[in-house]
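Please look at the sequence and the 3D structure together before reading on. The report that follows moves from the whole chain to a sheet, and then to a few residues that can be found by eye.

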Amino acid sequence: MAFTSNRMDQDAQGLKDKVVFINRVAKVVKGGRRFSFSALVVVGDGMGTVGMGKGKANEVPEAIRKAVEKAKKAMVTFPLKDGTIPHKITGKYGGGTVIMNPAVKGTGLIAGGAVRAIMEVSGIADINAKALGGHNPFNTIRATLDGLMKLKDPAKVLKLRGKMSSAEGEAAAVPAEEPVDAASAQA
């Protein structure tokens, strides 16, 4: 039993959560089968912070609650640039690979399944993403997170390379004048 829920809850901290996958797991015991449920949930603040959690319980709501708690504890931050990612990146985990390309404003969210869920809660509005290899949602989410964690902030990269952006360069080119006080002017 796999599905993607469109339910997005607002939390007290302004976090959105989205259920990506629910799986019914059967354990065979002496008297028959015992069923439990596992849930995969992503949580984000809509401004470049996202987390993933897995929960397992005998009831679906309890599994979702556990997954949300784990996701809140495992949140990571990545740079955003005008509602998209700053550069092309590839994330890998297990058999899954996710390729993410930045898109111009107005393109929308071009991604499928598990990748789309993570982009929606993280605040990315324009992106082109493709999941390759295995399509297991657990590995796809981890591959997406791997790619997002590899993203570099363009300003920090320029600083590391010893280059400055145009605004910083203009400010450095014009030296600030020192104030002249009356005592030093007479000397």
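The protein exposes about 11,300 Å², of which carbon and sulfur atoms supply 54%. This is a predicted model, and the values given here are computed from it. Of the 187 residues of the protein, 36% count as buried, and the secondary structure comes to six helices and nine strands. Among the contacts with a separation of 6 or more, 54% are made by residues 24 or more positions apart.

**The open sheet**

Four of the strands form an open sheet, in the order β6-β7-β9-β8, and the pairing in this sheet is mixed. The edge strands are β6 (89–93) and β8 (109–110), each of which pairs on one side only. Strands of a sheet in general pair through backbone hydrogen bonds, either parallel or antiparallel. The table lists the pairs of this sheet with their directions and bridges.

| Strand pair | Direction | Bridges | One bridge or facing pair |
|---|---|---|---|
| β6 and β7 | antiparallel | five bridges | tyrosine 93 and glycine 96 |
| β7 and β9 | antiparallel | seven bridges | valine 98 and alanine 131 |
| β8 and β9 | parallel | two bridges | isoleucine 110 and asparagine 128 |

In the hairpin of β6 and β7 there are two residues between the strands, and glycine 94 takes a positive phi near 60 degrees there. Glycine 96, the bridge partner of tyrosine 93, belongs to β7.

**A helix across the sheet**

Which strands does helix α3 lie across? Helix α3 (residues 137–150) lies across β6, β7 (96–102) and β9, and it runs at about 140 degrees to β6. Asparagine 139 is found in this helix, and, leaving aside residues up to four places away in sequence, it touches Tyr93, Gly94 and Gly95. Asparagine 139 and glycine 96 are 43 residues apart in sequence, while their C-alpha atoms are 5.8 Å apart in space. Asparagine 139 has a relative accessible area of 22%, and because the buried class requires a value under 20% and the exposed class one over 50%, it counts as partly exposed.

Phenylalanine 138 also lies in helix α3, and it forms a pair with phenylalanine 21 of strand β2 (residues 16–29), which links parts of the chain that are 117 residues apart. The count of aromatic pairs comes to one. Why is the pair of phenylalanine 21 and phenylalanine 138 described as edge-to-face? The ring centres of phenylalanine 21 and phenylalanine 138 are 5.7 Å apart and their planes stand at 80 degrees, so the pair is edge-to-face, given that planes over 60 degrees apart are placed in that class. Both phenylalanine 21 and phenylalanine 138 are buried.

**A buried serine**

Is serine 122, which is found in helix α2 (residues 113–122), buried or exposed? Serine 122 has a relative accessibility of 0%, so it counts as buried. The side chain of serine 122 reaches the backbone oxygen of isoleucine 118 at 3.1 Å. Not counting residues up to four places away in sequence, serine 122 touches Gly46, Met47, Gly48, Thr49, Val50, Phe78 and Leu80.

Methods. Residues are numbered from 1 along each chain as its sequence is written. This is a predicted model: local features need pLDDT of at least 70, side-chain atom pairs count only at pLDDT 80 or more; totals for chains, interfaces and linings use all residues. Side-chain values use heavy atoms; hydrogens and water are left out. Buried means under 20% relative accessible area, exposed over 50%, partly exposed in between (1.4 Å probe, protein chains only). Contact means heavy atoms within 4.5 Å. Accessible areas come from the Shrake-Rupley method with a 1.4 Å probe; for residues, only the protein chains shown count as cover. Two strands pair if DSSP finds at least two bridges between them. Axes are lines fitted to C-alpha atoms, for helices over the stretch in contact, and angles run from 0 to 180 degrees between N-to-C directions. A polar contact is a pair of N or O atoms within 3.5 Å; within protein, one must be able to donate a hydrogen and the other to accept it, and residues adjacent in sequence count only if both atoms are side-chain atoms. Rings of Phe, Tyr and Trp (its six-membered ring) pair if their centres lie within 6.5 Å; planes under 30 degrees apart count as stacked, over 60 as edge-to-face and the rest as tilted.
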